[in-house]
Amino acid sequence: MVAHTLIPFVGGHLAKRFYEEPEKVEITPLMALATLANILFWIIPLIWLSYTLGSLIPALAMIEDPNPPAYEPLTTNDNDVETAGQAKNGPGIPGDNGKPITSSIRATQNLLGNVGGWWGRFRGFWPAAVAGFASSIVNGIFVGAGAPPMLQLGAMVASLALVQLNTAWVHIIMTPPNPLPFWRRLPPLRRTFEATCFPVLVNWAAKTAAVVLPLATAAFLGLKIWDPKNPGDVPRYEAGDAGKTFIVWLVSFVAHWVLVLPCEVALVRVQASLLSPEEPTIIPFDTTFKGKVGPAVVDGKGYLTMRDALSSFSRADWLRFFKLYIKIFFISVAAVFAFLITMVLQALLFSAVSPSRSAPSNPPQ
């Protein structure tokens with residue numbers, strides 16, 4: 001979200017120069033080496049930023065029980081995972097000063113490292129990557145139809161088709177390491193679809209609105225938008241466009257917080273409610289969601305409805321979650337600035353030292 005606002009201003013001029021004057025661009029061995037170094041240096045931080053900080057930690061915050069009954073810490077070794085206490089809500093590692101673990105990014109990072117080692121900070125990455133790849137394929141099929149609304153329709157179809165895998169991802173990140181591959185941990189399709197289809201559709205509608213509203217605002221204000229289908233047509237931004245861009249960014253920001261986040265919280269909590277009560281978890285977890293979920297033999301469901309998912313998320317939970325998201329937002333801003341500054345400085349450096357092929361040569365006297 002931050003990158004979408006900053007990149008047009010920072011990178012627009014460079015992109016336009018590249019497409020208008022391609023004959024002046026010469027790829028030197030030094031530039032190729034710098035590109036490889038950038039990839040190696042930034043790939044892990046960017047994955048951590050987009051996946052761990054953007055998806056993994058917020059999902060754990062959505063399902064953590066801040067007032068769990070007594071439990072003992074999770075212990076691990078190289079061969080297996082042993083649990084102590086075996087309480088129904090699952091064992092976990094308490095946060096600092098009795099606070100919820102996910103109220104602190106550092107405490108959550110330490111928890112993930114204690115449970116799964118260094119790579120534990122990226123737990124669930126592969127099923128998430130497979131889900132993202134499958135979603136892109138489905139979206140690509142619909143985009144091939146040509147009409148812009150087909151992209152959003154493709155996103156909806158992909159979300160419904162991947163309910164099993166996305167639910168399995170939630171279960172994988174909240175439970176101790178398991179030797180079974182993720183495709184063998186898929187929950188039953190029929191029950192998963194029945195439980196999550198409505199929250200998935202509402203979440204899709206919220207995300208669609210969060211995309212359409214800023215674009216409609218930009219069109220209303222007369223602000224040009226860079227079109228990926230025409231990469232060479234980079235709009236020129238004037239000084240007076242800064243205010244318009246801020247309004248578009250503000251609309252996007254509010255839509256994300258007011259529409260998308262509540263729907264995502266509801267969806268993840270519904271998915272988590274499908275976890276077997278006997279499964280241990282790495283964070284304190286209330287399988288009844290404050291009495292909203294009972295055994296399937298009692299109420300015929302055994303999982304949360306979307307309304308119960310939101311009502312069982314208390315005001316204190318929302319406050320903790322939004323505080324976490326504010327921290328993530330500022331870390332993301334700092335990371336985007338660091339990345340863009342690095343890229344711009346390198347571009348300016350190579351522009352200064354690279355020979356220009358189109359420069360006229362001085363004729364001999």
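This is a guided tour of the predicted model shown above, going from the whole chain to individual side chains.

**Before selecting anything**

The model is predicted, so local features are given only at pLDDT of at least 70 and side-chain atom pairs only at pLDDT 80 or more, while totals for chains, interfaces and linings use all residues. Residues are numbered from 1 along each chain as its sequence is written, and side-chain values use heavy atoms, with hydrogens and water left out.

**The whole chain**

Show the chain as a cartoon and color it by secondary structure: there are eleven helices and two strands, where helices (H or I, at least four residues) and strands (E, at least two) are DSSP runs numbered from the N terminus. Followed along the sequence, the order is α-α-β-β-α-α-α-α-α-α-α-α-α. Of the 365 residues, 37% count as buried; buried means under 20% relative accessible area, exposed over 50%, and partly exposed in between, with a 1.4 Å probe and protein chains only. Among contacts (heavy atoms within 4.5 Å) with a separation of 6 or more, 75% are between residues 24 or more positions apart.

**Helix α3**

Select residues 105–116, which form helix α3, and place a distance between the end C-alpha atoms: the 16 Å found there agrees with the 16 Å expected for twelve residues at 1.5 Å a residue, the expected span being 1.5 Å times one less than the number of residues. Its buried residues include Ile105, Leu111, Leu112 and Val115. Add Ser104 at the start of α3, where a side-chain oxygen reaches to within 3.3 Å of the backbone nitrogen of Arg106. At the other end, α3 is followed by Gly117, which has a positive phi, near 75 degrees.

**Helices α7 and α8**

Next select Arg190 and Glu194, which form a salt bridge with the closest N and O atoms 3.3 Å apart; a salt bridge here is a side-chain nitrogen of Lys or Arg within 4 Å of a carboxyl oxygen of Asp or Glu. These two residues are four apart in helix α7 (residues 189–221), which means that about one helical turn separates them. Glu194 is partly exposed, at 43% relative accessible area, whereas Arg190 is exposed, at 68%.

Then select Lys207 and Glu264, whose salt bridge has its closest N and O atoms 3.6 Å apart. This pair links distant parts of the chain, with Lys207 in helix α7 and Glu264 in helix α8, 57 residues apart. Lys207 is partly exposed, with a relative accessible area of 39%, while Glu264 counts as buried at 18%.

Staying with helix α8 (residues 241–273), note that this helix gives six residues, the most, to a nonpolar patch. Display that patch by selecting Leu213, Phe246, Ile247, Leu250, Val254, Val258 and Leu259, which together make about 570 Å² of surface. Val254, in helix α8, is partly exposed, with a relative accessible area of 42%.

**Helix α11**

Finally, select Asp317 and Arg320, whose side chains meet in a salt bridge of 3.2 Å, N to O. Both lie in helix α11 (residues 315–353), three residues apart, about one turn of the helix, and both are buried. Add Glu64 and Lys290 to the selection, since salt bridges that share partners join Glu64, Lys290, Asp317 and Arg320 into one network. In total, the structure holds five salt bridges.

Definitions and conventions:
Patches are made of residues with over 30% relative accessible area and no salt bridge: like charges are joined within 9 Å, nonpolar side chains (Val, Leu, Ile, Met, Phe, Trp, Tyr) within 5 Å. Accessible areas come from the Shrake-Rupley method with a 1.4 Å probe; for residues, only the protein chains shown count as cover. A polar contact is a pair of N or O atoms within 3.5 Å; within protein, one must be able to donate a hydrogen and the other to accept it, and residues adjacent in sequence count only if both atoms are side-chain atoms.
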